[in-house]
Amino acid sequence: MKIDKRITPPAASKVSSAKGKGAGKASAPAAGSGDSLTLTESSTRIRSLESQLASVDVTDAGKVESVKAALANGTFAVDAEVVADRLIDHTKETLRKRPRKK
């Protein structure tokens, strides 16, 4: 399965962090204000790490170039058995994750 870089985590600036007792619970809204959410320091750190990981490039440039070259000169070969096996594996995984109907 490939990682889709187009999906980004919610902005950390929309979340306020707090320390101390009861920091993991949502605080009661003050009179006249909207809802608010308070997260622990660990939660805030996890969100920060998620956004950093989203920006990491996981592409193997060497492999991409070799495939481009093989396509350009007509030597790229597709192993139909490998494609079929991976398609079956992906379908099985998708079916396992799907909620069962009652």
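Buried means under 20% relative accessible area, exposed means over 50%, and partly exposed lies in between (1.4 Å probe, protein chains only). With that in hand, here are some exercises.

The model is predicted, so local features need pLDDT of at least 70 and side-chain atom pairs count only at pLDDT 80 or more, while totals for chains, interfaces and linings use all residues. Residues are numbered from 1 along each chain as its sequence is written, and side-chain values use heavy atoms, with hydrogens and water left out.

**Exercise 1: the overall layout**

Find which pattern the protein chain follows along the sequence, and how much of the chain is buried.

Step 1. Helices (H or I, at least four residues) and strands (E, at least two) are DSSP runs, numbered from the N terminus. The protein chain has three helices and two strands.

Step 2. Reading along the sequence gives the order β-β-α-α-α.

Step 3. Of the 102 residues in the protein chain, 4% are buried.

Step 4. The accessible surface, from the Shrake-Rupley method with a 1.4 Å probe, where for residues only the protein chains shown count as cover, is about 9400 Å² for the protein chain. Carbon and sulfur atoms account for 57% of that surface.

**Exercise 2: a salt bridge in helix α2**

Work out which residue pairs with Glu65 in a salt bridge, and where the two partners lie.

Step 1. A salt bridge is a side-chain nitrogen of Lys or Arg within 4 Å of a carboxyl oxygen of Asp or Glu. By this rule there are three salt bridges.

Step 2. The partner of Glu65 is Lys68, with 3.9 Å between the closest N and O atoms.

Step 3. Both residues belong to helix α2 (residues 61-73), where they are three residues apart, about one turn of the helix.

Step 4. Is Glu65 buried, partly exposed or exposed? Glu65 counts as partly exposed because its relative accessibility is 49%.

**Exercise 3: a network in helix α3**

Trace which residues are joined with Glu93 into one network.

Step 1. Start with Arg96, whose side chain meets that of Glu93 in a salt bridge of 2.7 Å, N to O. Because Glu93 and Arg96 are three residues apart in helix α3 (residues 80-97), about one helical turn separates them.

Step 2. Turn to Lys97, which also forms a salt bridge with Glu93, at 3.9 Å between the closest N and O atoms. Lys97 and Glu93 are four residues apart in helix α3, again about one turn.

Step 3. Put the pairs together: salt bridges that share partners join Glu93, Arg96 and Lys97 into one network.

Step 4. Check the exposure of each member. Glu93 is partly exposed at 34%, Arg96 is exposed at 59%, and Lys97 is exposed at 61%.

**Exercise 4: a nonpolar surface patch**

Name the residues that make the nonpolar surface patch.

Step 1. Patches consist of residues with over 30% relative accessible area and no salt bridge; like charges are joined within 9 Å, and nonpolar side chains (Val, Leu, Ile, Met, Phe, Trp, Tyr) within 5 Å.

Step 2. Val67, Leu71, Phe76, Val78 and Val83 make this patch of about 450 Å².

Step 3. Locate one member: Val67 sits in helix α2, and is partly exposed, with a relative accessible area of 30%.
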